[in-house]
Amino acid sequence: MIPMLGEEEAQAAADAVRSGWVAQGPRVAEFERQFAATVGAGHGVAVSSCTTGLHLSLVLLDLEPGDEVIVPSLSFIATANAVRYVGATPIFADVDLATGNVTVETIDAVRTPRTRAIIAVHQGGVPFDTAGLRKAAADWGVALVEDAACAAGSTAYGQPAGTGAAIAAWSFHPRKVLTTGEGGMVTVDDAAVAVRLRRLREHGMNVSAADRHKSSQPVLEAYLETAYNYRMTDIQAAVGLVQLGRLAGLVSQRRELAARYQELLSDIDGLVPVRDPAHGTTNYQSFWVLINRPYRTGRDDVLAELAKRGVSARRGIMASHLEPAYADVTPGPLPVTERITRDSLILPLHHKVTEDDQKYIVGVLRELAGR
């Protein structure tokens with residue numbers, strides 16, 4: 001991945017610096033408003049990362065030790081870590097082989113009377129079945145937190161992936177389609193929830209620094225609860241506003257590149273590229289390929305050969321339950337998760353990838369098919 005950052009972003013950041021207001025301020029507020037409108041949410045609350053957004057999402061639920069939160073193991077480890085931040089227990093669910101996402105069935109298989117919440121991930125930008133999972137969570141009486149870290153520009157059932165989410169957390173890390181360097185957003189439809197999220201991200205203050213600055217009289221703030229410093233800077237938001245204007249074009253370009261990969265890979269037996277699910281479209285934040293028989297070269301050897309030929313590919317999505325941090329957890333069977341993390345790789349996909357680059361990369365994969 002190479003982030004699409006240009007002169008407009010540099011100028012916007014410089015303008016923020018020159019303005020004298022570099023902490024959370026008016027540009028953050030505007031970025032929140034525009035991002036929420038883009039993803040079909042009522043309110044946006046900018047935070048320092050998607051991880052902190054997930055943390056705050058779970059803080060809202062008042063979880064206690066012994067409460068369980070179902071998460072996919074097939075996700076960046078921050079998804080599971082956020083559950084531990086609030087003292088709850090992450091319970092790992094398996095995923096669908098084609099999409100890499102949890103489903104109603106995989107979640108129901110590990111649900112218990114102690115289940116208080118679910119974190120479902122739009123993995124790599126592939127939208128999960130929002131309609132099915134939101135209905136199931138409501139029927140079960142558990143909260144659904146949507147980890148939309150990778151999903152800006154993806155759609156589900158004809159709408160942006162965040163539309164209709166009770167709460168969703170987004171990432172603007174440089175590997176994402178839309179970046180602010182670091183940073184994230186939480187989107188909600190409930191105004192009261194947005195108010196508390198803003199308080200939680202800013203030490204529990206009942207009035208923000210920006211609002212105090214606007215007042216013509218001194219404002220004596222109060223701190224209503226123990227909270228956090230999870231704010232975004234106006235410099236980041238300035239970059240984010242420019243990036244938001246690029247989003248549709250970036251997604252369109254990525255989908256064109258993905259379609260070309262899919263076409264070039266179509267005659268290689270044993271390589272299965274990620275595709276749109278039936279219920280939506282992906283922004284192809286990550287373009288992964290699953291290795292099946294009769295392909296003759298294992299994933300790690302494929303990565304080594306690609307690296308030798310100058311191609312910066314990566315292993316597929318990690319499985320958190322296999323990491324040392326979760327060695328104390330004994331999950332139930334996760335055969336699809338382990339299959340995907342063992343046998344998949346992510347190919348380069350960004351605005352600088354050319355048609356010749358793609359032909360070269362697939363040419364190497366075709367050679368390895370004959371080994």
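The points below cover the sheets, one helix residue and the cavities of this predicted model.

1. The seven-stranded sheet. An open sheet is built from 7 strands in the order β1-β9-β8-β5-β4-β2-β3, and its pairing is mixed. Its edge strands are β1 (43-47) and β3 (89-93), each of which pairs on one side only. On average, neighbouring strands of this sheet are turned by 25° against each other, direction ignored.

2. A parallel pair within that sheet. Strand β2 (residues 68-72) runs parallel to strand β4 (residues 115-121), and the two are joined over 3 bridges. To find the register, start from valine 69, which stands opposite alanine 117 in β4.

3. The helix across the sheet. Helix α7 (residues 191-201) lies across β1, β8 (167-171) and β9 (184-188). Its direction is at about 10° to that of β1.

4. The three-stranded sheet. A further open sheet has 3 strands, ordered β7-β6-β11, with antiparallel pairing. Strands β7 (159-160) and β11 (280-281) each have a single partner strand, so one side of each is left without a neighbour in the sheet. Strand β6 (residues 155-156) pairs with β7 in the antiparallel sense over 2 bridges. Threonine 155 has proline 160 of β7 as its bridge partner.

5. Glutamine 243. This residue belongs to helix α9 (residues 234-265). Is glutamine 243 buried or exposed? Its relative accessibility is 1%, and because buried means under 20%, glutamine 243 counts as buried. Leaving aside residues up to four places away in sequence, glutamine 243 touches Met4, Leu5 and Glu9, and also Val177, Leu178 and Thr179.

6. The largest cavity. The structure holds 2 cavities of 30 Å³ or more. The largest cavity contains about 60 Å³ of space. Its lining consists of Met1, Ile2, Pro3, Met4, Val177, Leu250, Gln253, Arg254, His350 and His351. By class, the lining residues of the largest cavity are 6 nonpolar, 3 polar and 1 charged. Met4 and Val177 appear in this lining and are also among the contacts of glutamine 243.

7. The second largest cavity. Its volume is about 40 Å³. The lining includes residues from Ala148, Ala149, Cys150, Ala151 and Ala152, together with Trp170, Ser171 and Phe172. Lys176, Val177, Leu178 and Asn283 also line the second largest cavity. This lining divides into 9 nonpolar, 2 polar and 1 charged. Val177 lines the largest cavity and the second largest cavity, and glutamine 243 touches Val177.

Note on methods. Residues are numbered from 1 along each chain as its sequence is written. This is a predicted model: local features need pLDDT of at least 70, side-chain atom pairs count only at pLDDT 80 or more; totals for chains, interfaces and linings use all residues. Side-chain values use heavy atoms; hydrogens and water are left out. Two strands pair if DSSP finds at least two bridges between them. Helices (H or I, at least four residues) and strands (E, at least two) are DSSP runs, numbered from the N terminus. Buried means under 20% relative accessible area, exposed over 50%, partly exposed in between (1.4 Å probe, protein chains only). Contact means heavy atoms within 4.5 Å. On a 1 Å grid over the protein atoms alone, a cavity is a set of points where a 1.4 Å probe fits but cannot get out, and a pocket is an open set with protein on both sides within 12 Å along at least five of seven lines; lining residues have an atom within 4 Å of a point. Grid points are joined across faces, edges and corners, and a volume is the space filled by probe spheres set on the points. Ala, Val, Leu, Ile, Met, Phe, Trp, Tyr, Cys and Pro count as nonpolar, Asp, Glu, Lys and Arg as charged, and the others, Gly among them, as polar. Axes are lines fitted to C-alpha atoms, for helices over the stretch in contact, and angles run from 0 to 180 degrees between N-to-C directions.
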